[in-house]
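Good morning, and thank you for coming. Please look at the sequence and the structure as I bring them up, and keep them in view while I speak.

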Amino acid sequence: MRITFLGTGTSHGIPVLGCSCPVCTSEDVRNVRYRSSILVESDGVSVVVDTGYEFRLSGIRAGLRKVDAVLYTHSHSDHIMGLDDLRVFTRDRRLPVFGNARTIADIKEKFPYAFRHYDGNYGLPLLDACVLENYRTFSVGSLEVLPVPVSHGCMEILGYRFSNFAYVTDVSCIGDESYEALKGVDVLVLGALRKRPHATHFSFDQAMEAFLRIGAGRCYFTHVNHETSYEEINRLYGRFGIQSAYDNLVLEV
């Protein structure tokens, strides 16, 4: 399984508009972070998780040529607003998009034209909405996926487990059943916003505690804001088996 990080930043992205902090002005390209998203490829199947504002740019950068499905963690703008750019992948077929009931309802409200049926193709995205059930495995081709519910503040969102890899972003709390569902993964990606606590996101230390409880072999922080550099995260947490993800990082799992 091949994982490409299309984006690893928080809702502002990095550099933050109008900011001149050391991270936003860094010359290290690993501190340039588009909004968070990944590409999962396995046995000829290509699945994208979330389509943020820079989805087109991140796809070009990663050489994206094929998408078989899109999985949505939740419906906040930084995770869905690149949806219209999926139209290049629906010229001759409809594309399934997956999420929980609330996410699908919100996306259909924001992009109603993408889910209608037309006589002919008018250059619009042609999408089929698929509502997921918590902890019920589904398949995209040969790729099996387990939706794992977690909390993002007061909102229930989805993380996704792909065999021995799991992606859980924008998380502030993981329940006992979801911890059990994530155990046994080799590689874990966790949303970790910053050092300081936040009402709707794990801090770095909270993400580290979750990683240790899950017992994965290694962990990558994503959805990182501009208060901490790539190098500093690795310096603080590398000894625990944690690294900062960065845009266009590729993992073989």
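Let us begin with Phe221 in this predicted model. Which residues does Phe221 touch, leaving out those up to four places away in sequence? They are Leu190, Ala192, Phe204, Ala207, Met208, Ile233, Tyr237, Ile242, Gln243, Ser244 and Ala245.

Phe221 also belongs to the largest nonpolar core, which has 30 residues. Together with Ile174, Leu188 and Leu190, Phe221 is among the residues with the most contacts inside this core. At least two core residues come from each of the following elements: strands S8 (143-152), S9 (155-162), S10 (165-168), S11 (187-191) and S12 (218-222), and helices H4 (176-182), H5 (204-214) and H6 (230-237). Which of these gives the most? It is H5, with six residues. There is also a second, separate core of 26 residues, and Ala69, Val187, Leu249 and Leu251 are included in that one. As general background, nonpolar side chains in soluble globular proteins tend to be buried together.

I turn now to helix H5 itself. Its buried residues are Phe204, Ala207, Met208, Ala210, Phe211 and Ile214. Why do they lie on the same side of H5? Because they cover an arc of only 160° around the axis. On the other side of H5, Glu209 and Leu212 are exposed. What do the buried residues of H5 pack against? Their partners are H4, S11, S12, H6 and strand S13 (242-244). Just after H5 comes Gly215, with a positive phi of about 80°.

Next, please find strand S5, residues 95-99. Four of its five residues are buried, and therefore S5 is largely enclosed by the rest of the structure. S5 is joined to strand S4, residues 69-71, by two bridges, and these strands run parallel. Here Phe98 in S5 stands opposite Leu71. S5 also pairs with strand S6, residues 127-131, again in the parallel sense, over five bridges. In that pairing, Leu95 has Leu127 in S6 as its bridge partner. How does the chain get from S5 to S6? It passes through helix H3, residues 101-110, and this β-α-β crossover is right-handed.

Let me also point out Ser42, which is found in strand S2, residues 37-42. Is Ser42 buried or exposed? Its relative accessible area is 16%, and a residue counts as buried under 20%, so Ser42 is buried. Setting aside neighbours within four places in sequence, Ser42 is in contact with Met1, Ser142 and Leu143.

Finally, the cysteines. How many disulfides does a search of the whole structure find? The result is zero. Cys154 is in no disulfide, and the nearest cysteine sulfur to its own, that of Cys173, is 12 Å away. A disulfide would need the two sulfur atoms to be within 2.5 Å. Cys173 likewise is in no disulfide, with the sulfur of Cys154 as the nearest cysteine sulfur. As for their surroundings, Cys154 is exposed, with a relative accessible area of 86%, and Cys173 is partly exposed, at 41%.

To close, I would ask you to return to Phe221 and trace its contacts once more, including those with Phe204, Ala207 and Met208. These three residues are among the buried residues of H5, the helix that gives the most to the largest nonpolar core. Thank you for your attention.

Methods. Residues are numbered from 1 along each chain as its sequence is written. This is a predicted model: local features need pLDDT of at least 70, side-chain atom pairs count only at pLDDT 80 or more; totals for chains, interfaces and linings use all residues. Side-chain values use heavy atoms; hydrogens and water are left out. A nonpolar core is a set of buried Ala, Val, Leu, Ile, Met, Phe, Trp, Tyr and Cys residues joined through side-chain atoms within 4.5 Å. Buried means under 20% relative accessible area, exposed over 50%, partly exposed in between (1.4 Å probe, protein chains only). Contact means heavy atoms within 4.5 Å. The arc is that of the directions from the helix axis to the C-beta atoms. Two strands pair if DSSP finds at least two bridges between them. A crossover is right-handed if, with the strands pointing away from the viewer, the path from the first strand over the helix to the second runs clockwise.
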